[in-house]
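Me: I am new to this structure and would like a close look at a single part. Please take me through chain B and its strands, one piece at a time.

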Amino acid sequence: MTLTVWRVLCIASAALFVAGLLLLLLSQLLKNKYYHIYTADELMSKSKLTNGKNSVYFTSGETKEYISKYAVCKTEFDRYLVCKFVKKFSYVRYFVMEYSAHGRVVKVQQIDEFDTALNSKIITLSRRCAHVNVVIGTADDAEINTDVIRPMSKKRIRLYALVKSFTFFAFLFALRHMLIEIFLKDISALYFNDTLNYISVAVCFLLALLSYGITVLCFRKKNAKALNGGAVEYEFV
Amino acid sequence: MSSYNNIRKIKYSKTPQDIVSLHEYIIFEDSHAKEKYVLFRFSNNVNQRLFEIKFEVSQFNSENRLLEKSTVIHKDFTAEPNGLFVPDAKLKINYECESLEVRLEEACFDRVKWSGGEFSDNSYSFAEYAETVPVTAPQSAPKKNKTAPKAEAGVKKNKLGFNIRNIFRRNKAIFPSVFNVILTVIVAGLIIGSAFYFKSVSGAYAVDDFIVKESDGFVTVLQYRGEEKEVEIPDLLDGKRVSKIASGAFNRSDVESVTVSVVNSFCIETGAFENCPSLKTVSASMFCGKITVMQGAFKNCKSLQLFDMPTAELSKGCFDGTNAIKYLSFDSPVYEGGKLLDLFTGLNKITLDYRINANLSDDFFAGVTRR
């Protein structure tokens, strides 16, 4: 193949790299899926404070049996949440799902409280949070919901890894070409006709393949750990 | 040595739901001086730093009768979020006092102020906000939900009793990205290494429109990289005599005409002009040295019409797939006992004009019709 053909391939792979990156960013393959669907809770009361306002809502669904209502305090810069328990619990776990004004989940907090009073502790909400849903997890010995976030499916993990490794290969291919042109300048055309060139392409392909394997492995391992509540110690993975 | 002869530690569990609650207190008694002091241990139950508290202390005697009430303010300290803290100062209390009751009046946090049951925004005081950069690491969650309450309640109860963990972005796995960065560095290193290796091994360098390689005082043309359609192979390149056109030197190039001006002996290697679709004429003067044209040197040059190299010795199949040729001039074939048609592959007859220096038998021209 002539130098021109290799240059065209380099430009094409650079374009594929950019396209792959955009695809990874925009396709939201890693986006969380939820067991819980947003419910507009019934507003009980609203009161205005000096620097903000308090809104009290009734909870909905099975949560009602454990947490009767919750209050959201909105000040100019900060938002807080306090839940009202139906009774005192020796241990309670609940999830606070924070939604933006457009209904997108901005944060999910998992809260564990021991030996509670009838009110929860004060929970700081995200500044982008416009609506809240409280979902009960565990109350004393009763386990109602283990999680609100669905584990990622194998299919999505594989698809993500495939797009990522393909993008990575395109990047390596373009990088390889550019480095050769930079370092060999006039005689780069000779290199592109040499066996070394084809070996380097093969190495790039094999490394992209390895990257695919590692990505799938890490995501599946992490996902499995997250299911067992071990996400914290797997921050690096 | 301590002068206190009676020290009692008392757990306090009256208002654990307060945003700042009294966890326990220690009464220090000095029976000689008839004095009592108390040291408080509070729990900050908000996930913000606490800078100031104001609380009311009610003192009771052994018959649970109120002895006195006092308001205490603790300032100039920092209590970590969701943690226990002990204010520096001890409080002197009535010697008859046996138990205490504490009621929180005010608490000043990082960004909110709590006073009499209501929060107000404190976030304008940026000086305090700026001090809150180090944040405590989140506590790990219970390992198993079903067994966690009993097993962990005891531990957590005394320590925090409260744990918040953001579980939103757990799908991010950082290691594959880190691994890719490492691979990129490795690949870049390998490519640069192979480039330098290739440069040193090939010994190639660029002269004018040619990439050449030197050996034994002569240069070999490895590649033509110019844009000109009419190319001349000079006698000297970089001050050295040209001895060879290497395989693939003009492969798939757009040249239309090639003129060889080499004085000494010269070789056109296999595939040197392979697949040159625009190549029409190849010529050399009769004063050139001996030119050896190897097999397949002009393979698949579909437009080649004129080959005029009076000093050339042609190998079998040097014009494979080159069937448009109309004029052929050369010195002699390299092979013996063959035919002119052997220069081409798969042809039974051809019509062309030719001029050959060597004396050849009529058999050599079998199947050739002269124009």
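Reply: Strand S8 and strand S9 (residues 112–115) of chain B pair in the antiparallel sense, with 3 bridges between them. Within this pair, B:Ala107 has B:Trp114 of S9(B) opposite. The model is a predicted one. S8(B), which covers residues 99–109, also pairs with strand S4 (residues 50–60) of chain B, again in the antiparallel sense, over 10 bridges. There B:Phe60 of S4(B) faces B:Ser99 in S8(B) as its opposite residue.

Past S4 of chain B comes a loop that leads to strand S5 (66–74), and B:Asn64 lies in that loop. Its phi is positive, near 65°, although B:Asn64 is not a glycine. Most residues other than glycine have a negative phi. B:Asn64 has 8 other C-beta atoms within 10 Å, so B:Asn64 is exposed.

A second residue of this kind is B:Lys34, in the loop between strand S2 (20–30) and strand S3 (35–44) of chain B. Phi of B:Lys34 is positive too, near 55°, and the residue is other than glycine. B:Lys34 counts as exposed because it has 9 C-beta neighbours inside 10 Å, and the cut-off for exposed is 12 or fewer.

Further along the chain is helix H3 of chain B, residues 175–202. The helix has 28 residues and spans 40 Å from its first C-alpha to its last, close to the 40 Å expected at 1.5 Å a residue. Its buried residues are B:Pro176, B:Asn180, B:Val187, B:Ile191, B:Ser194, B:Ala195 and B:Phe198. After H3(B) comes B:Gly203, with a positive phi near 65°.

Chain B also holds an open sheet of 7 strands with parallel pairing, in the order S15-S18-S20-S22-S24-S26-S27. Strand S15 (230–233) and strand S27 (368–370) of chain B are at the edges with a single partner strand each, so one side of each has no neighbour in the sheet. On average, neighbouring strands of this sheet are turned by 25° against each other, direction ignored. One pair in this sheet is strand S20 (residues 281–284) with strand S22 (residues 306–308) of chain B, parallel and joined by 3 bridges. In that pair, B:Ser283 is opposite B:Asp308 of S22(B). In a regular strand the side chains alternate between the two faces of the sheet.

Strand pairing also links the two chains. Strand S6 of chain A pairs in the antiparallel sense with strand S11 (residues 162–166) of chain B, over 5 bridges. A:Gln109 has B:Asn166 in S11(B) as its bridge partner. The contact as a whole takes 69 residues from chain A and 63 residues from chain B. Among the elements that give two or more residues to the side of chain A that touches chain B are strand S3 (67–75), strand S6 (105–114) and helix H2 (154–184) of chain A. H4(A) gives the most to that side, with 12 residues. The residues of this side of chain A divide into 36 nonpolar, 18 polar and 15 charged.

For chain B as a whole, the secondary structure comes to 3 helices and 27 strands. Chain B has 371 residues, and 30% of them count as buried. Of the contacts in chain B with a separation of 6 or more, 53% are between residues 24 or more positions apart.

Methods:
Residues numbered from 1 in each chain as written. Chains lettered and ligands numbered in written order. Predicted model: local features only at pLDDT ≥ 70, side-chain atom pairs only at ≥ 80, totals over all residues. Pairing = 2+ DSSP bridges. Helix = DSSP H or I, 4+ residues; strand = E, 2+ residues; numbered from the N terminus. Axes fitted to C-alpha atoms, helices over the stretch in contact; angles between N-to-C directions. Expected span 1.5 Å × (residues − 1). Buried ≥ 20, exposed ≤ 12 C-beta atoms within 10 Å, placed from the backbone. Contact = placed C-beta atoms within 7 Å. Nonpolar A, V, L, I, M, F, W, Y, C, P; charged D, E, K, R; others polar.
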